[in-house]
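Here's a quick briefing on how some helices and strands fit together. Take a look at the structure first, then read on.

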Amino acid sequence: MVFIIKDVLIWGENIVTNNLYQMAYKLSAVMRKSAAIVDENNKFPEESLDLLKANNFMSLIIPREFGGGGYNVKIASDIAQILASGCLSTAMIWGMHCQQIYTIMNNVESEKKRILNEISQNQLYIASVTSEHTKGGYLLSSNSPLHWYNNSEFELYRLAPTVTGGEYADAYLITAKKSQESTDKNVLLLYAVRDEISITDIGDWHSMGMRGTQSVSMLIKGKLGAKNILTEEDFSGIAQTSLIPIGHIMWASCWLGATKEVFKKAIKILKKNKNKFNTLTYSRISSIRLKIDIVNNYLERLIDEFTMCMERNDRTSLESTSFNIQINNLKIIASENLFAAANETIELLGMYHGYIKNELIPLERLFRDLRSASLMYHNDRLKEANGKLSLYNSELLPFL
Ligand SMILES: Cc1cc2nc3c(=O)[nH]c(=O)nc-3n(C[C@H](O)[C@H](O)[C@H](O)COP(=O)(O)OP(=O)(O)OC[C@H]3O[C@@H](n4cnc5c(N)ncnc54)[C@H](O)[C@@H]3O)c2cc1C
């Protein structure tokens with residue numbers, strides 16, 4: 001069953017941000033009702049995605065000239081938080097979709113920009129295919145070569161171990177090695193709609209948390225052409241200036257929104273049992289709040305810096321060692337602090353409201369969901385990268 005919210009937002013009309021936020025809260029409230037069922041039955045939140053599509057949320061950040069809402073990264077981050085307060089899996093599906101859209105928006109060759117019109121018109125959901133069995137989550141290389149028939153047509157044969165919503169996606173953003181002969185670093189970014197490819201060997205996603213994302217394994221095959229290659233630009237530049245920053249911003253926003261919601265619910269539960277308050281209670285609340293605030297403030301600062309660089313087309317700053325370290329830090333800080341905050345909230349509320357599934361607060365689900373955060377592009381990889389980069393970026397004192 002598809003839930004329809006009567007006052008669907010139509011981009012192009014002069015929607016004030018307030019209305020957009022109100023709508024996001026309405027959608028989130030509907031999603032909240034199915035979040036537990038999705039988790040319990042290990043199923044993709046089809047109704048919630050349909051709800052986002054029916055309300056034009058799949059084109060929220062697409063520029064207005066291509067039929068989208070034209071909203072900026074800060075607003076997308078806020079909306080991701082609001083959606084995650086209802087269902088973290090659905091918000092993550094949407095947040096990753098925004099990651100694909102943003103990458104297309106900022107890197108596609110101009111004559112291929114019609115893709116954006118199609119996404120807006122048909123409210124397509126775009127899944128991400130970057131990880132591989134042989135190289136894990138590492139983004140900047142590929143071991144899956146394209147097999148060229150001639151100068152403009154090739155065969156795609158791509159084993160994809162983890163694709164969020166892969167079975168339900170309308171289109172796919174895929175990384176692949178340019179050819180058998182090229183190096184693993186010669187990565188191309190492909191876009192293919194579902195009709196152009198065949199999807200087989202779909203595996204299971206029996207995970208501890210984020211069960212609604214149904215991040216299944218699959219084999220993607222198809223005869224594609226030059227039109228499917230978004231750009232011939234250097235992929236590491238695309239990753240540094242678009243794919244990684246917007247990814248880390250949207251992931252952190254989703255985890256943060258879900259944690260903020262649980263924090264609010266925890267305080268409400270505690271206030272009902274005020275006689276149980278002691279010094280430790282206040283200290284724990286303070287510690288949880290500190291972790292949430294650290295992530296919130298770091299996220300906002302990075303969004304400001306990222307947005308400013310994009311507005312000025314300042315790719316040099318985005319590719320700098322300093323920005324790379326900080327955007328990696330955003331993902332590390334968010335994944336570690338928010339998981340720790342969920343863990344501390346369990347200590348705070350105890351067994352009944354913390355450890356056991358209950359109607360009042362989805363804390364045990366949040367704990368399981370957030371356990372994936374450090375693995376979703378493994379923090380170990382980011383820490384190794386930041387350690388190496390810091391050897392070249394250790395002048396941290398104010399400049400003269
Ligand atoms: C909820 C969720 C959704 C996802 N959705 C998608 C999706 O839509 N599309 C997609 O392509 N992928 C997706 N992924 C996959 C993700 O990007 C990673 O590929 C995946 O989490 C595998 O990571 P890994 O740590 O197991 O594997 P790897 O990254 O291969 O790491 C394996 C182990 O090796 C160690 N290791 C590896 N390299 C290094 C290094 N350089 N330095 C130090 N240690 C290292 C790590 O400690 C780790 O334990 C998703 C993952 C999650 C959790």
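H3 and H7 are roughly antiparallel to each other (angles over 145 degrees count as roughly antiparallel). That's because the axes of helix H3 (residues 73-84) and helix H7 (residues 279-311) cross at roughly 150° and come within 9 Å. This is a predicted model, where local features need pLDDT of at least 70, side-chain atom pairs count only at pLDDT 80 or more, and totals for chains, interfaces and linings use all residues. Residues are numbered from 1 along each chain as its sequence is written, and side-chain values use heavy atoms, with hydrogens and water left out.

**Helices**

- On the H3 side, the contact (heavy atoms within 4.5 Å) is made by Val73, Lys74, Ser77 and Gln81.
- H7 brings Asn296, Leu299, Glu300, Ile303, Phe306 and Thr307 to that contact.
- Sort the residues of the H3 and H7 contact by type and you get four nonpolar, four polar and two charged.
- In helix H2 (residues 46-54), the buried residues (under 20% relative accessible area, with a 1.4 Å probe and protein chains only) are Ser48, Leu49, Leu51, Leu52 and Lys53.
- Those buried residues of H2 pack against helix H1 (17-40), H3 and helix H4 (88-107).
- After H2 comes asparagine 56, which has a positive phi, near 65°.

**The open sheet**

- Four strands line up in the order S1-S4-S5-S8 to form an open sheet with mixed pairing.
- Strand S1 (126-129) and strand S8 (229-231) are the edge strands, so each pairs (at least two DSSP bridges between two strands) on one side only.
- Ignoring direction, neighbouring strands in this sheet are turned by 35° against each other on average.
- S1 and strand S4 (residues 171-177) run parallel and are joined by four bridges.
- Serine 128 sits opposite leucine 173 in S4.

**A serine in a loop**

- Look for serine 182 in the loop between S4 and strand S5 (187-193).
- Serine 182 counts as buried because its relative accessibility is 14%.
- The side chain of serine 182 reaches the backbone oxygen of serine 179 at 2.9 Å.

**Antiparallel strands**

- Strand S2 (residues 147-148) and strand S3 (residues 153-163) run antiparallel, joined by two bridges.
- S2 and S3 make a hairpin, with four residues between them.
- S3 also runs antiparallel to strand S7 (residues 216-225), and nine bridges join S3 to S7.
- Glutamate 155 in S3 stands opposite histidine 147, and in S7 the bridge partner of glutamate 155 is lysine 223.

Technical notes. Axes are lines fitted to C-alpha atoms, for helices over the stretch in contact, and angles run from 0 to 180 degrees between N-to-C directions. Angles under 35 degrees count as roughly parallel, over 145 as roughly antiparallel, 65 to 115 as roughly perpendicular and the rest as oblique. Ala, Val, Leu, Ile, Met, Phe, Trp, Tyr, Cys and Pro count as nonpolar, Asp, Glu, Lys and Arg as charged, and the others, Gly among them, as polar. Buried means under 20% relative accessible area, exposed over 50%, partly exposed in between (1.4 Å probe, protein chains only). A polar contact is a pair of N or O atoms within 3.5 Å; within protein, one must be able to donate a hydrogen and the other to accept it, and residues adjacent in sequence count only if both atoms are side-chain atoms.
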